[in-house]
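Please find below a reviewer's note, set out in numbered points. It is to be read beside the sequence and the structure.

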Amino acid sequence: MKKKRGEVERDQTECGPGQSVSRRKFLKATMTGVAIAGAAGLSGCLTGQPVARGAGTTPKSVARYQDRPNKGRRCGGCTHFLEPNACEVVAGEISPNGWCRFHEPRPA
């Protein structure tokens with residue numbers, strides 16, 4: 001059978017408007033999500049690497065991070081700095097004497 005222009009062929013496993021999802025498919029998808037989330041949570045425990053709470057995800061190269069201050073500005077004086085050596089924005093361990101392009105001085 002030839003399709004008309006703009007007509008989409010639907011897979012029988014897809015649910016469209018007004019169709020319901022079987023309980024089995026719902027539970028399978030939910031349990032898969034729970035397993036993935038649990039595995040991600042355990043990864044820090046299994047690697048033995050301390051994970052700072054609220055630590056950032058931006059790679060150091062993207063943040064242009066450097067281990068030295070820039071014009072007197074340093075991570076230790078930034079609003080994003082997390083004691084003792086983490087950042088809300090930049091991923092990984094950072095130096096309190098470092099600097100990145102996301103530096104925001106703490107209010108005086």
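1. Disulfides and cysteines. The structure, which is a predicted model, holds zero disulfides. C78 is in no disulfide, and the nearest cysteine sulfur, that of C87, is 6.1 Å away. C78 has a relative accessible area of 5% and is buried. C100 likewise is in no disulfide; for this residue the nearest cysteine sulfur is that of C87, at 5.6 Å. C100 counts as buried at 6% relative accessibility. A pair of cysteine sulfur atoms is taken as a disulfide within 2.5 Å, and a disulfide is a covalent bond between the sulfur atoms of two cysteines.

2. Overall fold. The protein chain contains two helices and two strands, arranged along the sequence in the pattern α-α-β-β. Helix α1 covers residues 23–47, and helix α2 covers residues 60–63. The strands are β1 (81–82) and β2 (86–87). Of the contacts between residues at least 6 apart in sequence, 68% join residues at least 24 apart.

3. Burial and surface. Of the 108 residues in the protein chain, 21% are buried. The accessible surface of the chain is about 8900 Å², and carbon and sulfur atoms account for 55% of this area. V21, F26 and L27 together form a nonpolar surface patch of about 300 Å². Within this group, F26 is placed in helix α1.

4. Nonpolar core. Which residues make up the largest nonpolar core? This core has nine residues in all: A63, Y65, C75, F81, C87, V89, V90, I94 and C100. Three cysteines discussed in this note, C75, C87 and C100, are thus listed among its members. F81, another member, touches C75, G76, A86, I94, P96 and R106, with residues up to four places away in sequence not counted.

5. C75. This residue is found in the loop between α2 and β1. C75 counts as buried because its relative accessibility is 8%, where buried means under 20%. Leaving aside neighbours within four places in sequence, C75 is in contact with Y65, F81, I94, S95, P96, G98, W99 and H103. C75 and P105 are 30 residues apart in sequence, yet their C-alpha atoms are 8.7 Å apart in space.

6. Positive phi values in the loop between α2 and β1. Phi of R64 is near 55°, a positive value in a residue other than glycine. R64 lies in the loop between α2 and β1, and at 52% relative accessibility R64 counts as exposed. Phi of K71 is also near 55°, again a positive value in a residue other than glycine. K71 is found in the loop between α2 and β1 and counts as exposed, at 77% relative accessibility. A reader inspecting this loop may set exposed R64 and exposed K71 beside buried C75.

7. The cis peptide bond. Where is the cis peptide bond described here? It joins E83 and P84, with omega of about 0°. P84 is placed in the loop between β1 and β2, as is E83. E83 is exposed, with a relative accessible area of 63%. Along the chain, E83 and P96 are 13 residues apart, and their C-alpha atoms are separated by 8.4 Å.

8. N85. Is N85 buried, exposed or partly exposed? N85 counts as partly exposed because its relative accessibility is 28%, and partly exposed is the class in between under 20% and over 50%. The residue lies in the loop between β1 and β2. Leaving aside neighbours within four places in sequence, N85 is in contact with G92, E93 and I94. N85 and A55, 30 residues apart in sequence, are 9.8 Å apart in space, C-alpha to C-alpha.

9. Points to check in the viewer. I94 may be a useful residue on which to centre the view: I94 belongs to the largest nonpolar core and is in contact with F81, N85 and C75. P96 can be examined alongside, as P96 is touched by F81 and is in contact with C75.

How values were computed. Residues are numbered from 1 along each chain as its sequence is written. This is a predicted model: local features need pLDDT of at least 70, side-chain atom pairs count only at pLDDT 80 or more; totals for chains, interfaces and linings use all residues. Side-chain values use heavy atoms; hydrogens and water are left out. Helices (H or I, at least four residues) and strands (E, at least two) are DSSP runs, numbered from the N terminus. Buried means under 20% relative accessible area, exposed over 50%, partly exposed in between (1.4 Å probe, protein chains only). Contact means heavy atoms within 4.5 Å. Accessible areas come from the Shrake-Rupley method with a 1.4 Å probe; for residues, only the protein chains shown count as cover. Patches are made of residues with over 30% relative accessible area and no salt bridge: like charges are joined within 9 Å, nonpolar side chains (Val, Leu, Ile, Met, Phe, Trp, Tyr) within 5 Å. A salt bridge is a side-chain nitrogen of Lys or Arg within 4 Å of a carboxyl oxygen of Asp or Glu. A nonpolar core is a set of buried Ala, Val, Leu, Ile, Met, Phe, Trp, Tyr and Cys residues joined through side-chain atoms within 4.5 Å.
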